[in-house]
Amino acid sequence: MNDSERAAPVDEAELSSLLGGADRDGRAVRVTGGNTLAGMGARPAVDLEILTTTIAGIIDFEPDDLTVAVLAGTRLSELATTLAERRQMLPFDAPLATNATVGGTLAAGWRGPRRHIYGPPRDWVIGSHVVLADGTVARAGGMVVKNVAGYDLSRLYVGSFGTLSVLVRANLKTLALPERTRAFFAALPDGSLEPTIAQLRDLRVVPAAAFWFDGFSAADDRPTGDDGRLAIFLEGSTALVDRAGLELRSALGRGGVPAAHVLDNRAPAALERIVDAYVSALGQRSISYRIGSLPSEAIATAEAAAECARRFELRHERIVDLMNGDTILRVSELDVRRLAACMNDFDDALHRALPNAIVIACEHPDRDTLQLWGREPGAIATMRALKHRFDPNNVLNPGRFVGGI
C-alpha cells in the first residue's frame, strides 16, 4: 500500500470498517475533507487517505429550536444556504466556504474574525458522532441546547486536527441571521493609523469585524493610503447599523480619515473575500503565518513580523484582525529557489521574535522543515496523553499536529 491509495466511505459503517482495518494492520491514515486548510500542519507519508466529503448532507434542521444536525463532509456554503432560508446562520467564518467542510472546519478549530462576538466554532457544537481509531463509533451530546455537567467530549475533538477521531456528524446550535451587514472601507493617510484605531476602540457598537491591511490586494483591491487601509463591518438591525455607521464615520474623521466607501448587499461577500485571503498562496513561493496577540498589541506585533521579513529582504503583506489581535503575515519571493535559500533562517528568526506564529498556508515542498505550530503549548503533555488514550497505535493523522502528535 502506498501514499496515493484513497478511500471515500459513504457512511459511518463504512468509515468504521476502514479505520478498524487500518488500526489492526498498523496502517497510518490521513483524513481529508475539503482540503482548504491543507497548508496547516505537517504532511508525513501515510498508507491510506480517507476522504470524508462523501459523508455529506443536512439530516435534521429544527429552525424553531435553533439546532441543526449535519454530516461532516457537508460544505459550509451548502449549510449556510439552508440556514439562510430560515434567516439563521453559523458564524464559522472559515476560508473557501464553497469547498470547506463542516468536519474539516471543526477539526482545525478554525478561529474566525467574528469570534469576539459569537465565540469560536467549538462553542456551537452540542453533540457529535465520531469514529475512533479502532473503528468504534462514539456519540456525545444530543440535539438539545443545555448546560452539561462534566466534560463535553464533542468539544474535545474540535481543534484536534483529526488526531483523536474522525467526525461523522455534528449537532450544532444556530442563531438568527443579522438583518443588516454593512462594510466600510477607508484608505489611511500618513499618520492616521494610530489615532484611528484609538477611535475605533471607543465605539459604542462593537464592529462585527475590523481589519487593517498592508498589501493583500486579493482581499481588498480598493485604494490604499500611506498608512494602509481599513475594512470595518457592522451587523445587526437596520436601525442599529444606521446609528453605528454614523458614529463610525465620525470616529474615522476624528482619526484623520477623510472618506469611506460603503457596501451593503455585498458586505458578507466582502468579508468572505478577506478570510479567503488568509490562506491564499502564491504557488510555492510564499509562506503565510497567523500570529496571535492581544488586540491592543496587534499593530506592534504586525510591525515586529514585518521587521523580521525586511531583515531577510522578503516581500511581505499583512492583514491585522483588530478585534481579536491576529496578524496574518505572508512572505514571498519572486523565485522559489530564493525562498528556499532563506525560509528556514527566516522561520527561526520569526519564532525567536514571535514564538506563537503558526503556518496556515504554504505549498513549498520543504514546508515540513518549518516550525509549523510555533512553540509547544503548556498543555502538550496532556495532549500527548489524550492522543495515546484515543489512538494508542498512532493511526490517525500521525505527526500532523503540534508536538508531532
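**Salt bridges and helix packing in a predicted model**

D220 and R222 come together through their side chains in a salt bridge, with 2.8 Å from N to O. D220 counts as buried, since its relative accessibility is just 2%, under the 20% cut-off. The model looked at here is a predicted one, and this pair is a handy way into it. In general, side chains of opposite charge can pair up when their charged atoms come close.

There are plenty of other pairs to look at, as the structure holds 25 salt bridges. One of them joins R114 to E235, and here the closest N and O atoms sit 2.6 Å apart. R114 belongs to the loop between helix 3 (102–108) and helix 4 (115–118), while E235 is part of strand 13, so this pair ties together parts of the structure that are 121 residues apart in sequence. Both partners, R114 and E235, are buried.

Another salt bridge brings the side chains of R182 and D242 together, at 2.9 Å from N to O. This one also links distant parts of the chain: R182 lies in strand 11 (residues 180–187) and D242 in helix 7, 60 residues apart. The two ends are not equally covered, though. R182 counts as buried, with 13% relative accessibility, whereas D242 is partly exposed, its relative accessible area being 36%. Salt bridges can also join up into a network, as they do for D214, E303, E307, R310 and R318.

Next come the helices, beginning with helix 6. Which residues of helix 6 (residues 193–201) are buried? They are L193, T196, I197 and L200. Around the axis these residues cover an arc of only 100°, so they end up on the same side of helix 6. The spacing fits a general rule: an α-helix has 3.6 residues a turn, so residues three or four places apart point the same way. E194 and R201, on the other side of helix 6, are exposed. As for what covers the buried residues of helix 6, the list includes strand 12 (209–214), strand 13 (229–236), helix 7 (238–255) and helix 9 (298–311).

Helix 7 deserves a second look. Helix 6 and helix 7 pack with their axes 8 Å apart, at an angle of about 150°. That is over the 145 degrees needed, and the two helices are therefore roughly antiparallel to each other. Their crossing is right-handed. On the helix 6 side, the contact is made by P195, T196, Q199 and L200; helix 7 brings in L248, A251, L252, R254 and G255. T196 and L200 thus turn up in this contact as well as among the buried residues of helix 6.

Helix 9 has a packing partner too, in helix 10 (residues 336–353): the axes of helix 9 and helix 10 come within 10 Å and cross at roughly 150°. Helix 9 and helix 10 are therefore roughly antiparallel, and helix 9 passes helix 10 in a right-handed crossing. Here A305, C308, A309 and R311 of helix 9 meet F346, A349 and L350 of helix 10.

Finally, there is a loop residue to mention. S165 is found between helix 5 (153–157) and strand 9 (166–173). Is S165 buried or exposed? At 6% relative accessibility, S165 counts as buried. Setting aside its neighbours within four places in sequence, S165 is in contact with V130, V131, L132, Y157 and L396.

Note on methods
Residues numbered from 1 in each chain as written. Predicted model: local features only at pLDDT ≥ 70, side-chain atom pairs only at ≥ 80, totals over all residues. Heavy atoms only, no water. Buried < 20%, exposed > 50% of the residue type's maximum accessible area, 1.4 Å probe, protein only. Helix = DSSP H or I, 4+ residues; strand = E, 2+ residues; numbered from the N terminus. Arc of directions from axis to C-beta. Contact = heavy atoms within 4.5 Å. Salt bridge = Lys/Arg side-chain N within 4 Å of Asp/Glu carboxyl O. Axes fitted to C-alpha atoms, helices over the stretch in contact; angles between N-to-C directions. Parallel < 35°, antiparallel > 145°, perpendicular 65-115°, else oblique. Left-handed = near helix turned anticlockwise from the far one by under 90°.
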